[in-house]
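Thanks for sharing this one. Could you keep the model open while you read my comments?

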Amino acid sequence: MKEKLIKNGIEYVRNGDYYIPNLTVPDDKVYNIGKYGKMHAKFVKENRPTVYSMKMLNGTWLAYLEEIDTTAKEMVNNLIKDMVVKQGITEELKNKLCGIIENLIVNEKVDTFFFGSKSAFDDLCHKITTELKEKYPHIKRIYVRSAYQHIPDWYKDSLLKHYEGTYFPEHMENAGRASYVERNQEMINHSKFCVVYYDENYLPPRRKNSRRDLFDYQPKSGTAVAYDYAVKKKRTIINLLI
């Protein structure tokens with residue numbers, strides 16, 4: 001019999017007539033795992049149980065999640081930087097956005113801000129609102145989920161480190177692909193003001209409904225759909241590009 005063998009990514013060592021997992025004692029390091037790492041943990045546990053078991057057994061689970069979280073944060077920061085470059089968001093425009101949000105707080109008495117998580121602009125607005133919360137601690141940041149109707153306590157706790165509340169609209173249970181559209185409409189329905197970064201000349205890539213289609217079509221951007229809905233609902237729209 002071999003002294004060692006590897007099965008499903010786990011090393012086993014021979015102990016008499018049996019093989020036992022060659023497990024290591026986890027280190028005492030404190031890992032910094034934020035919302036992206038915790039979101040990935042939920043995905044792996046639900047969809048990749050073998051990967052989860054393997055990493056738990058070899059003691060690399062927490063280090064893996066920390067790496068995922070760090071990488072995701074870097075990607076978000078890069079997305080914001082790319083948006084700054086591609087869409088011309090200068091320091092002047094960021095200051096303008098900060099001024100708009102502060103004006104809503106001070107002069108319009110807005111105390112609740114709804115957020116999604118679909119774009120770099122969402123992240124930028126959340127970042128600025130979070131900075132303003134130090135000056136105006138009474139304001140509330142609410143994350144409206146477009147997925148995960150029911151979430152475990154650990155995921156809710158991770159979200160509540162960045163928001164004062166989170167919920168999944170009940171009417172969106174069977175929304176499917178339309179979940180992002182309906183989530184945006186939910187936020188608009190509960191708002192008087194809508195702050196957007198909307199370029200009416202922007203067109204997303206053409207697409208097909210299926211691979212079998214001979215012809216593609218020009219879809220509307222998600223921002224355009226939300227903008228039109230806000231106009232229909234007669235909300236006050238504040239467009240950074242105007």
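The points below go through aromatic pairs, one strand and one helix.

1. Please keep in mind that this is a predicted model. With ring centres required to lie within 6.5 Å, the count of aromatic pairs comes to eight.

2. One pair to look at is Phe-115 with Tyr-163: the ring centres are 6.2 Å apart and the planes stand at 55 degrees, so the pair is tilted. Phe-115 belongs to strand β4 (residues 112-115), while Tyr-163 sits in the loop between α6 (153-159) and β6 (165-167), so the contact ties together parts that are 48 residues apart in sequence. Both Phe-115 and Tyr-163 are buried.

3. Strand β4 itself deserves a look, as its side chains alternate. Phe-113 and Phe-115 point to one face and are buried, whereas Thr-112 and Phe-114 point to the other and are not. Strand β4 runs parallel to strand β5 (residues 140-144), and four bridges join the two. Within β5, Lys-140 is the residue that Thr-112 stands opposite.

4. Elsewhere, a single aromatic cluster is formed by Tyr-52, Trp-61 and Tyr-64. One of these rings also has a lysine for company: Lys-55 lies over the face of Tyr-64, at 4.5 Å from the ring centre.

5. Finally, helix α1 (residues 35-47) has 13 residues. From first C-alpha to last, α1 reaches 18 Å, close to the 18 Å expected at 1.5 Å a residue. Which residues of α1 are buried? They are Lys-35, Gly-37, Lys-38, Ala-41, Lys-42 and Val-44.

Technical notes. Residues are numbered from 1 along each chain as its sequence is written. This is a predicted model: local features need pLDDT of at least 70, side-chain atom pairs count only at pLDDT 80 or more; totals for chains, interfaces and linings use all residues. Side-chain values use heavy atoms; hydrogens and water are left out. Rings of Phe, Tyr and Trp (its six-membered ring) pair if their centres lie within 6.5 Å; planes under 30 degrees apart count as stacked, over 60 as edge-to-face and the rest as tilted. Buried means under 20% relative accessible area, exposed over 50%, partly exposed in between (1.4 Å probe, protein chains only). A charge sits over a ring if NZ of Lys or CZ of Arg is within 6 Å of the ring centre and within 35 degrees of the ring normal. Two strands pair if DSSP finds at least two bridges between them. The expected span of a helix is 1.5 Å times one less than its number of residues.
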